[in-house]
Amino acid sequence: MLNERNPIIDPSQPMVYQIRIKGHLSHQRADWFGEVTITLEEDGNTLLTGMVIDQSALHGLLRKVRDLGMPLISVNRVNNPSQANASIVQKNFISSNQNNLGGILMKAIVWTKYGPPDGLQLREINKPVPRDNEVLIRIAATTVTTGDCELRSLKIPVLFRLPARIYNGLLKPKRITILGQELAGEIETTGKDVRLFKQGDQVFASTGLSFGGYAEYICLPEETNMGVLAKKPVNMTYEEAAAVPTGGLEALHFLRKGNIRHGQKVLIIGAGGSIGTFAVQLARHFGAEVTGVDSTEKLDLLRSIGAVRVIDYTREDFTKNGETYDVIFDIMGKSSFSGSIKSLKQNGRYLIGNPGLTQIVRGRWISMRSTKKVIIGAAIQKVEDLVFLKELIEAGEIKSVIDRRYPLEQTAEAHRYVDTGQKKGNVVITIGKNTNI
Ligand SMILES: NC(=O)c1ccc[n+]([C@@H]2O[C@H](COP(=O)([O-])OP(=O)(O)OC[C@H]3O[C@@H](n4cnc5c(N)ncnc54)[C@H](OP(=O)(O)O)[C@@H]3O)[C@@H](O)[C@H]2O)c1
């Protein structure tokens, strides 16, 4: 894509934009672009040339291009209208933003290949344009989760590898090209039908399976069944808020499925990670007596967030110490299945966050044949649950645990760190300035 910068620009002069799209525009669709010159090029592309009055006029034009469903090749500002290879029909002009081709490009970390973190590359790409029901968010912070790393490297259960490639591109990522499942930032503009949010609102969100957090901007529907969006907790920075949605919602979902109640004994395995640190705090909030299991370096952290007992899985096997629990939440799905079932009380619940095929099959069997229940499956994210977490945060009941912070440019480095497994809680990516609001 062409993205030449124009260092010397007089904002009082009309600015011409050229938008090149793949394929020839049909006569019927040409009516959509009444005030723009349309050139059907010999190589099969279409060049739209015209002047725009401001940012929103330009965004309107780009929105029409997107609605055509024809791939966008490039957007260029032409300093000298005589450079434009088509005549200009009408003066509508001017983009006053001097940066970044009038603000139509943004920085993003593009995921270019399955495998190691070096496939994550900093690029300038088109800034998204919100649809009528969407908000445009200037992202201030996002995170690198273990889930992002697993998808990047396709280190996921064998059963899911081929479906993941079929969904996202057999040889390289095509559908999801920007990772990052959660974020916090400020709403820059809203589509005309948006009612729940306004420009300037500080928000946090999970993008669900659409990802897209490793970028300066993202468009999200104000209401969606793919991800969730809400006002951010007032007592959190953007960095802290960005780390809440995916881990917090996952933990809440499972603990509710576990029917967790006051006074119960709860064992959380993998308690020092993104989901685990929220699970420990939420279980404590629900009045449970929490035992956290993780590796040596994470045990002090677990005590500090409310675990009354801790077990170092590298030195002790919890299935052999004679203790039994009302709820066992195995976040990584790595503990012994039969040992965990034995460590459950009668009517106890065994929650598995990341189950393999045999755990799924054995879980069904146990659930049918005994009073113990095995619960698997991913969280269905609901906006009311994100608001519930926001209220708990504002009441001082839970907080996010942040291990390291990296700027957007060093996202690949952040992935390398998360790949080591040493992460405590969350790793945050900061974007631009003002992350401490
Ligand atoms: N993050 C999300 O929001 C999300 C959402 C849906 C599903 N998931 C899936 O859920 C899993 C966990 O996610 P996460 O983000 O919480 O991961 P995480 O932040 O990496 O935390 C996992 C924790 O488990 C510990 N651990 C590893 N093996 C263990 C074992 N045998 N016994 C006890 N602890 C063990 C790890 O410590 P050591 O490395 O030091 O051993 C680490 O502290 C991932 O597979 C992810 O794909 C995550």
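Which helices and which strand each supply at least two residues of the shell around the ligand? Select helix 4 (146-153), helix 7 (245-257), helix 8 (274-285) and strand 13 (289-294). Helices (H or I, at least four residues) and strands (E, at least two) are DSSP runs, numbered from the N terminus.

Before going on, note that this is a predicted model: local features need pLDDT of at least 70, side-chain atom pairs count only at pLDDT 80 or more, and totals for chains, interfaces and linings use all residues. Residues are numbered from 1 along each chain as its sequence is written.

**Stop 1: the ligand shell**

Show the 27 residues around the ligand. A residue is near a molecule if its C-beta atom, placed from the backbone, lies within 6 Å of it. Thr-246, Gly-270, Gly-273, Ser-274 and Gly-421 come nearest. Colour the shell by class: 7 residues are nonpolar, 14 polar and 6 charged. Here Ala, Val, Leu, Ile, Met, Phe, Trp, Tyr, Cys and Pro count as nonpolar, Asp, Glu, Lys and Arg as charged, and the others, Gly among them, as polar. Now colour by domain. Domain 2 (105-244 + 401-430) and domain 3 (247-375) each give the shell at least three residues. These bounds come from an automatic or database domain assignment.

**Stop 2: helix 4 on helix 13**

Keep helix 4 and add helix 13 (residues 411-419). Their axes come within 10 Å and cross at roughly 100°. Axes are lines fitted to C-alpha atoms, for helices over the stretch in contact, and angles run from 0 to 180 degrees between N-to-C directions. Helix 4 is therefore roughly perpendicular to helix 13, a label for angles of 65 to 115 degrees. Pick Thr-146, Cys-149 and Arg-152 in helix 4; they meet His-415, Val-418 and Asp-419 in helix 13. Contact requires C-beta atoms, placed from the backbone, within 7 Å. By class, this contact has 2 nonpolar, 2 polar and 2 charged residues.

**Stop 3: helix 7 on helix 12**

Go to helix 7 and add helix 12 (residues 383-394). The two pack at about 100°, with axes 10 Å apart. So helix 7 is roughly perpendicular to helix 12. On helix 7, select Pro-245, Gly-248, Leu-249 and Leu-252; on helix 12, select Asp-385, Leu-386 and Leu-389. This contact holds 5 nonpolar, 1 polar and 1 charged residues.

**Stop 4: the parallel sheet**

Strand 13 leads into an open sheet of 6 strands, in the order 14-13-12-15-16-17, with parallel pairing. Strands pair if DSSP finds at least two bridges between them. Strand 14 (309-312) and strand 17 (373-375) stand at the edges with a single partner strand each, so one side of each has no neighbour in the sheet. The twist averages 15° from one strand to the next. Strand 12 (residues 265-269) pairs with strand 13 over 5 bridges. Zoom in on Ile-269, whose bridge partner in strand 13 is Val-293. Then add helix 11 (residues 357-369), which packs on the sheet and touches strand 16 (344-352) and strand 17. The direction of helix 11 makes about 145° with that of strand 17.

**Stop 5: the antiparallel sheet**

Finish with the open sheet of 4 strands, ordered 2-3-1-4 and paired antiparallel. Select Thr-39, which stands opposite Leu-47 in strand 3.

Key. Parallel < 35°, antiparallel > 145°, perpendicular 65-115°, else oblique. Contact = placed C-beta atoms within 7 Å.
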